[in-house]
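Here's a walk through a protein model, with its ligand along for the ride. Have a look at the fold before reading on.

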Amino acid sequence: MKLQVKNLHKSYGNLQVISNFNIDFSSDGIHCLFGPSGCGKTTLINTLVGLCSYEKGNIIGFKDKRISYIFQEDRLLPWATIEENIKFVLENIEKRKIDEIVDKYLSLVDLIDFKKCYPNELSGGMRQRVSIARAFAYDGDILIMDEPFKGLHFDIKKVLIDYIIDYWYEKKNVVIYITHDIDEVLYMANHIHVLSGIPLKIQKQFTIDIPHNDRDDVNTMNKYRLLLV
Ligand SMILES: Nc1ncnc2c1ncn2[C@@H]1O[C@H](COP(=O)(O)OP(=O)(O)OP(=O)(O)O)[C@@H](O)[C@H]1O
């Protein structure tokens, strides 16, 4: 699967956040958008998934795709329990299977004991984990994540990153994520787009074509680290 953005223009009033921007996404590796706060990364992905309007340009390949989107903020329904929040995105699936899916992903994010709780009974990090579980349960054709692990404890973060890497090897879906964390990039990403802005620009793009379970040689990885600092 290949997704393309061509000559994209997007502004908020007089603020031109994206101007004549081009980028391609493929399913042959995990894509990372790496850039400073405020350069326009969230605006770009909100535009790609149709949450933001844009003035000009072509967005090719996203239409009619089911998209799992992990937002920066949890966006849970406050009046629904944790399990109901996940069930809400599971359509056309038989009831027995729905319970299995809910339990599978709540166990993955280590929140199975909290499924009858409401969002306001959980901490911010726990709510973020629910929103990760919800996105995985939805199982879209494209997975997009906006700083999904920000503020999470190292142990659970590693479990979730390993899950995403395995998920990508299994499904070979397009996976795009935003992060500010260099170690996370070196551990998880294949195609790295280093961005600046505003307006949003690609400073450099490079590929780490080392298999994920073979990235522990510090000297090799430092070569890539230097491209990110
Ligand atoms: N709804 C909005 N209305 C007006 N301006 C906005 C809106 N959303 C974002 N902006 C502005 O657009 C610019 C890009 O914001 P955006 O959130 O896309 O950046 P970002 O790279 O994702 O930042 P961060 O890494 O901090 O999330 C910023 O100057 C921001 O103030």
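What follows goes from the overall build to the ligand, then to a few individual elements.

One thing to keep in mind: this is a predicted model. The protein is built from seven helices and nine strands. Its radius of gyration is 18 Å, close to the 17 Å that the globule rule gives for 229 residues, so the protein is as compact as a globular protein of that length. If you drew a box around the C-alpha atoms along the principal axes, the box would come out at roughly 45 × 45 × 30 Å. Of the 229 residues, 31% count as buried. The chain also brings together parts that lie far along the sequence: take the contacts between residues at least 6 apart, and 70% of them join residues at least 24 apart.

Now find the ligand. Which residues surround it? Going along the chain, you meet Tyr12, Leu15 and Val17, then Gly35, then the run Ser37, Gly38, Cys39, Gly40, Lys41, Thr42 and Thr43, and finally Ile198. Sorted by class, this shell has five nonpolar, six polar and one charged residues. Two elements, strand E2 (15–26) and helix H1 (41–48), each supply at least two residues of the shell. H1 gives the most, with three residues.

Since H1 matters to that shell count, let's stay with it for a moment. Is H1 mostly enclosed or mostly open? Six of its eight residues are buried, so H1 is largely enclosed by the rest of the structure. The buried ones are Lys41, Thr43, Leu44, Ile45, Thr47 and Leu48. Lys41 and Thr43 also turn up in the ligand shell. Just after the helix, Gly50 takes a positive phi of about 90°.

Leu48 leads us on to Val5, a residue of strand E1 (residues 2–12). Val5 has 21 C-beta neighbours inside 10 Å; because the cut-off for buried is 20 or more, Val5 counts as buried. Which residues does Val5 touch, leaving aside its neighbours within four places in sequence? They are Phe21, Asn22, Ile23, Leu48, Gly57 and Ile59. Gln128 is another story: 123 residues separate it from Val5 in sequence, and the two C-alpha atoms are 29 Å apart in space.

Next, turn to the strands around E8. Strand E3 (residues 30–34) runs parallel to E8, and four bridges join the two. To find the pairing on screen, look for His31, which stands opposite His191 in E8. E8 (residues 191–196) also pairs with strand E9 (residues 201–207), this time in the antiparallel sense and over six bridges. A hairpin of four residues connects E8 to E9. Two bridge pairs make handy landmarks here: Ile192 partners Phe206 in E9, and Leu195 stands opposite Ile202. As you follow these strands, remember that in a regular strand the side chains alternate between the two faces of the sheet.

Finish at helix H5 (residues 154–171), where a quick ruler check works nicely. At 1.5 Å a residue, its 18 residues should span 26 Å, and the end C-alpha atoms are 25 Å apart, which agrees. After H5 comes Lys172, whose phi is positive, near 50°. If you're tracing side chains along a helix, note that an α-helix has 3.6 residues a turn, so residues three or four places apart point the same way.

Technical notes: Residues numbered from 1 in each chain as written. Predicted model: local features only at pLDDT ≥ 70, side-chain atom pairs only at ≥ 80, totals over all residues. Expected span 1.5 Å × (residues − 1). Rg over C-alpha atoms; globule rule 2.2 N^0.38 Å. Buried ≥ 20, exposed ≤ 12 C-beta atoms within 10 Å, placed from the backbone. Contact = placed C-beta atoms within 7 Å. Near = placed C-beta within 6 Å. Nonpolar A, V, L, I, M, F, W, Y, C, P; charged D, E, K, R; others polar. Pairing = 2+ DSSP bridges.
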